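Please work through the exercises below with the sequence and the model in view. Each task is followed by a solution in steps.

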Amino acid sequence: MKIKIFDTEEYMDIFILETDDFEDFLIGLDIIKKFKLIQDENLQISQKKIIDHEDNKTNQCLVNFNEHIDEDEFQIKLEHLTNKKKMKIEKLIEKYKTVFAKDKYDIGTVKNYEARIDLIVNKYCSKRPYRCSIEDKKEIETQVAKLLENNLIEEYYSPFAAPVTLAYKREERKKNRLCIDFRDLNKIIVPQAQPFPLIDDLIIKTRNCKYFTALNINSAFWSIPLRIEDKTKTGFVTQEGHYQWTCLPFGLKTSPAIFQRILSSILKKHKLTEFTENYIDDILIYSPTF
């Protein structure tokens, strides 16, 4: 049946209990997710929403792992702090504003580290470019041109050639996420074992903390240079040309482990691990005091 919670109406499965003792209406995780419900510390239920000005519909605001936040959408939410603490935070952001990404291609480069791609067997993977619509072809070439302009890829010839495609971004209704189909290459890549943080361990580390800062590294993998001899293995083709990556690309099965290891090493090198933890490109800073 159709139910309405706040401003949203959806058809959901309803189960009825035949008992005189029960007069409540219970909602499960499926309804919480569907209706984007959140609960604050006072147990008040509200609905997470953002107005999409294009079609005036309500959508959840999602940010993908390799995307930036536009400057005009960057908001400092400090209502829970005193004016003195607000000023300190704002001064910090102003002082270091140059490190905030202006777009998805605004990235840094990690020094003294390189990513390597080792193969199980010495063979190459090659496929023809995928067929696509005129609109998709134009979008692909536009994004490739941006990657070239920012020296993230380079024109080259190699026996490795992965096709590209466009996928839908989660928060948009058009295909504009450039994806390299590395499935054949991934089958012959030597895996890299790297431990990732466990949520139970993180809870123990932060048990006495009251202040938390979450940082996300923009287009994270692209900040890791590729070893020169491994660049050819990342070759990909469009209908217009052949290219290879100069940095660690998304889509490789070893990319998360490589990035996790390198960023963890950087945090250890600078003796930051007593109050920071990273999960791939997300960094959590935790502290008991302001």
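**Exercise 1: Burial and ring pairing**

Trp-245 has a relative accessibility of 3% and counts as buried (under 20% relative accessible area with a 1.4 Å probe, protein chains only; exposed is over 50%, partly exposed in between). The model is predicted, so local features require pLDDT of at least 70 and side-chain atom pairs pLDDT 80 or more, whereas totals for chains, interfaces and linings use all residues. Residues are numbered from 1 along each chain as its sequence is written, and side-chain values use heavy atoms, without hydrogens and water.

*Task.* Classify the aromatic pair formed by Phe-236 and Trp-245.

*Solution.*
Step 1. The whole structure contains nine aromatic pairs (ring centres within 6.5 Å, with the six-membered ring taken for Trp; planes under 30 degrees apart are stacked, over 60 edge-to-face, the rest tilted).
Step 2. Phe-236 and Trp-245 lie 5.9 Å apart, centre to centre, with 40° between their planes; the pair is therefore tilted.
Step 3. Phe-236 has a relative accessible area of 0% and is buried, and Trp-245 is buried as well.
Step 4. Ring pairs join both residues into a cluster with Tyr-105, Phe-221, Trp-222, Tyr-243, Phe-250 and Phe-259.

**Exercise 2: The nonpolar cores**

*Task.* Which residues have the most contacts inside the largest nonpolar core, and which helix gives the most to this core?

*Solution.*
Step 1. The largest nonpolar core (buried Ala, Val, Leu, Ile, Met, Phe, Trp, Tyr and Cys joined through side-chain atoms within 4.5 Å) has 39 residues, and the most contacts inside it belong to Leu-147, Leu-185, Trp-222, Phe-236 and Trp-245.
Step 2. At least two core residues come from each of helices H3 (134-149) and H6 (255-269) and strands S8 (162-168), S9 (175-180) and S12 (242-245) (DSSP runs numbered from the N terminus: helices H or I, at least four residues; strands E, at least two).
Step 3. With four residues, H6 gives the most.
Step 4. Another core of six residues lies apart; Ile-5, Met-12, Phe-35 and Leu-37 are among them.

**Exercise 3: Contacts and the whole chain**

*Task.* Which residues does Phe-236 touch, not counting residues up to four places away in sequence?

*Solution.*
Step 1. With contact meaning heavy atoms within 4.5 Å, Phe-236 touches Val-144, Ile-153, Phe-160, Ala-161, Ala-162, Val-164, Ile-180, Gly-241, His-242, Tyr-243, Gln-244 and Trp-245.
Step 2. Across the chain, 69% of the contacts with a separation of 6 or more join residues 24 or more positions apart.
Step 3. The chain comprises six helices and 14 strands, and 33% of its 290 residues count as buried.
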